[in-house]
Amino acid sequence: MPSHKYIEPARNTLACLNIRKGEKFLIITDINKLSIAWALFDAAEETGANVQLVRIPIAGTHGTEPPDPLPEYMKKFDAIIAPMTMSISHTTARREACEAGVRAATMLPGILEETFTRSMNADYETIDELGKKLISHLDKAKQVKITSTAGTDISFEITGRKLINDNGLIINPGDFGNLPAGEVFLAPVEGSGNGVLVVDGSMAGIGITEEPLTITFKNGYAIKYEGYKADQLMKLLEPHGKDANNLAEFGIGTNHEAILCGSILEDEKVKGTIHLAIGNNESMGGSVSVKSHLDGIIKHPSFWLDDKQLMKDGNFLI
């Protein structure tokens, strides 16, 4: 029996993917995440799966395509998991693997060992129940309005958008999720976002926002960045052009074990938070394809679907 100190959360992770004896299972990782990757490898061997581990170089940005020949190789497996430093969630390689029937989970961006041990021990059936409640309301709505105690005041359209309950249960061919899971998310209608986002939790590429970071949106694009490390954020976005400023995602955290820690993978799952992202929304059913996707976390938010309030100061009203 493996004695790895992360073997229990690794077993829980493979249960989310329903890894079974004889399945072809691929682990994609990099040098920073080998401790988690090897725990997953050991847990997969316990199941009797045919497991392989591939270590690739750390990419310069989130959303960078994995190097050849990996994109085609990924399609040959029953299931894939990727504990990595930089995210491949929003890549063509990941999307095409799922279209080929591969069950895929990423642990991105940059899963921490403490996040692995903490958030992979959540009750995912409870997370799924809350997600389904939110989906039932979102499915009928046309517009979202978000405010917060820190000054967020933004609205956008969601009519006809794909709704995703990231519940951690990745069990059917083509399923995809980010582990640890715990969010309901969608891509706002392109061009519809107007108002101000005040990031007072954390920001991808920056970490915990020790002071507010204010992002102003007009017609679906961020047009002004002010406050905490705004210059640093703009430098991350600059190489990717205008579409890196697209209002890409609206997400609601549903994981009761997650805490705000500076790792966006866990931060965006914290129950009672909201996150908005800029950049790529193609993986969520949107039309913007760019090699950047950065989330910003709002603490103590309130939000409305049309005229109905579903959250007040971080507390669900459903």
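Which residue stands opposite V199 in β13? It is L213. The notes below concern a predicted model.

1. The pair V199 and L213 belongs to a stretch where β10 (residues 194-199) and β13 (residues 213-218) run antiparallel, joined by 5 bridges. These two strands sit within an open sheet of 8 strands, ordered β14-β13-β10-β6-β5-β18-β19-β20, with antiparallel pairing. The edges are taken by β14 (221-227) and β20 (315-316); each has a single partner strand, so one side of each is left without a neighbour in the sheet.

2. Helix α7 (residues 230-237) lies across β13 and β14. Relative to β14, helix α7 runs at about 145°.

3. I215 touches G195, V196, L197 and V199, and also A222, K224, Y225 and L233, leaving aside residues up to four places away in sequence. I215 is also listed among the residues with the most contacts inside the largest nonpolar core, together with I146, L213, L233, F250, L276 and F303. That core has 41 residues. A second core, separate from it, has 32 residues, including I7, F41, L179 and L265.

4. There is also an open sheet of 5 strands with parallel pairing, in the order β2-β1-β3-β4-β8. Its edge strands, β2 (50-55) and β8 (176-178), each pair on one side only. On average, neighbouring strands in this sheet are turned by 15° against each other, direction ignored.

5. Within the parallel sheet, β1 (residues 24-29) pairs with β2 over 6 bridges. I28 has V54 of β2 as its bridge partner. Two helices pack on this sheet. Helix α1 (residues 7-17) touches β1, β3 (79-83) and β4 (103-107), and its direction makes about 145° with that of β4. Helix α2 (residues 34-47) touches β1, β2, β3 and β4; the angle between its direction and that of β2 is about 170°.

6. Helix α4 (residues 92-99) has A93, R94, R95, A97 and C98 as its buried residues. What do the buried residues of α4 pack against? They pack against α3 (70-74), β4 and β8. Of these, β8 is an edge strand of the parallel sheet. Just after α4, G101 takes a positive phi of about 100°.

Terms used. Residues are numbered from 1 along each chain as its sequence is written. This is a predicted model: local features need pLDDT of at least 70, side-chain atom pairs count only at pLDDT 80 or more; totals for chains, interfaces and linings use all residues. Side-chain values use heavy atoms; hydrogens and water are left out. Two strands pair if DSSP finds at least two bridges between them. Helices (H or I, at least four residues) and strands (E, at least two) are DSSP runs, numbered from the N terminus. Axes are lines fitted to C-alpha atoms, for helices over the stretch in contact, and angles run from 0 to 180 degrees between N-to-C directions. Contact means heavy atoms within 4.5 Å. Buried means under 20% relative accessible area, exposed over 50%, partly exposed in between (1.4 Å probe, protein chains only). A nonpolar core is a set of buried Ala, Val, Leu, Ile, Met, Phe, Trp, Tyr and Cys residues joined through side-chain atoms within 4.5 Å.
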